[in-house]
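Got your viewer open? Let's take a walk through this model, one selection at a time.

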Amino acid sequence: MADAVVTGPLSFTGKYLTKLLIVSGKTVAGFTNDSSRANPFTGQLDLVRFTFDDVDAMASAMRGAQTFYNTYWIRYPRGEMTYERAVENSVALFTAAKLAGVQRIVHTSIANPSFDSPFGYYRGKARVELALKDVGVPHSILRPTVFFGKEDILINNIAWLARHSPLFLIAGDGNYKIQPIAVEDYAALMNEHGERDDTSIVTDAVGPETYSFLELVELIRKKVGSRARIVRVAPRIFYVASLLMSPLVRDTIVTWDEVRGLMANLLVSNEPPVGRTSLRAWLSHNAGMVGVEYHSEVSRHYGKRSS
Ligand SMILES: NC(=O)c1ccc[n+]([C@@H]2O[C@H](COP(=O)([O-])OP(=O)(O)OC[C@H]3O[C@@H](n4cnc5c(N)ncnc54)[C@H](OP(=O)(O)O)[C@@H]3O)[C@@H](O)[C@H]2O)c1
């Protein structure tokens, strides 16, 4: 029996949260698709496989826990893994938490979710938020924009491209905005919301700095000492270039929806920032590491999975 249950304890956000929970003396159980990953919490984390088709089994793993911290979602559909399925799996997790008597759910959504969005990611996130409200367990819905941290994909892979390519293509004018939050700050926010009382809350979770995408690329380029030439191109050309490059890194570098979502200014918030870490300062500290290796979404999440 654990005090807290998390998703993705060996993955990205969930790993930072798991560390905080363990340091604060909590016992932790974590759902994953892939228990073969390196486990820095041996002996301190009870690993459980997701069993979305067996809600009772997931409820058993959650029984006795005070809080369920949810980060489960997919970045883009691939093969049988669709947003529809990710919504159903999210509902199965909330139902299991309710059955298990969990007192609070801290859920990771996205800034600017909407049922009317042209993007499946944002529509799916809106549906999951509604499903959580319907489950009737007190909750916090946290809406981040994009995370930065050692294992992140977007900032790291911008740096990787800047290091390895003589040209850096930008879709459109590059004036669309992005307001990233440090993964450590976000994990601390989740931890804090897990300690709250029984009122439910919905809040954006963004960092202190807003950049235009062009400014962001220029900053990263400078910090990693890249001499890549930044070239603005039509969004379709940018996307086709990313499709041509994807097999070289055995990944889907970016989807068309992600290009359009970025350009639609969805990665910013009008609410006050909650993250305190400056991306600029973080990049200065991590310049020697960021973008040295490419981070692949496909190898991270389409190797072994439950359903
Ligand atoms: N990364 C960002 O910059 C960002 C920005 C805004 C919002 N968010 C939201 O923040 C949450 C956490 O994001 P994250 O990047 O930290 O995620 P993550 O740790 O890589 O994954 C979170 C959980 O979802 C599972 N998962 C992810 N992709 C999957 C797939 N394709 N098939 C099956 N399971 C999959 C993972 O399974 P395993 O445990 O097996 O790894 C893990 O349990 C998500 O809800 C995401 O939508 C992320």
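Start with the strands in cartoon view. This is a predicted model, and its open sheet is built from 7 strands in the order E3-E2-E1-E4-E5-E6-E11, with parallel pairing. As background, strands in a sheet pair through backbone hydrogen bonds, in either a parallel or an antiparallel way.

Now colour the two edges. Pick strand E3 (45–49) and strand E11 (201–205): each has a single partner strand, so one side of each is left without a neighbour in the sheet. Look along the sheet and you can see the twist: neighbouring strands are turned by 15° against each other on average, ignoring direction.

Next, zoom in on one pair. Select residues 4–7 for strand E1 and residues 67–70 for strand E4; these two run parallel and are joined over 3 bridges. For one place to click, try Val5, whose bridge partner in E4 is Phe68.

Time to add helices. Select residues 83–100 and you have helix H3, which packs on the sheet and touches E1, E2, E4 and strand E5 (104–108). The direction of H3 makes about 175° with that of E4. Then bring up H4, which also packs on the sheet, touching E5, strand E6 (139–144) and E11. Here the angle between the directions of H4 and E6 is about 165°.

Last stop: the ligand. Which residues are closest to the ligand? Of the 28 residues that surround it, the closest are Thr13, Asn33, Tyr121, Lys125 and His301. Sorted by class, that shell holds 13 nonpolar, 11 polar and 4 charged residues.

Show side chains as sticks and check these distances to ligand oxygen atoms:

- His301: a polar side-chain atom lies 2.7 Å from a ligand oxygen.
- Lys125: a side-chain N or O atom is 2.8 Å from a ligand oxygen.
- Arg37: a side-chain N or O atom is 3.0 Å from a ligand oxygen.

Now switch on a surface. On its own, the ligand exposes 870 Å², and the protein buries 91% of that. To finish, highlight strand E2 (28–32) and helix H4 (120–135), the elements that give two or more residues to the shell around the ligand. You've met both already: E2 is part of the sheet, and H4 packs on it.

Methods: Residues are numbered from 1 along each chain as its sequence is written. This is a predicted model: local features need pLDDT of at least 70, side-chain atom pairs count only at pLDDT 80 or more; totals for chains, interfaces and linings use all residues. Side-chain values use heavy atoms; hydrogens and water are left out. A residue is near a molecule or strand if one of its heavy atoms lies within 4 Å of it. A polar contact is a pair of N or O atoms within 3.5 Å; within protein, one must be able to donate a hydrogen and the other to accept it, and residues adjacent in sequence count only if both atoms are side-chain atoms. Accessible areas come from the Shrake-Rupley method with a 1.4 Å probe; for residues, only the protein chains shown count as cover. Helices (H or I, at least four residues) and strands (E, at least two) are DSSP runs, numbered from the N terminus. Ala, Val, Leu, Ile, Met, Phe, Trp, Tyr, Cys and Pro count as nonpolar, Asp, Glu, Lys and Arg as charged, and the others, Gly among them, as polar. Two strands pair if DSSP finds at least two bridges between them. Axes are lines fitted to C-alpha atoms, for helices over the stretch in contact, and angles run from 0 to 180 degrees between N-to-C directions. Contact means heavy atoms within 4.5 Å.
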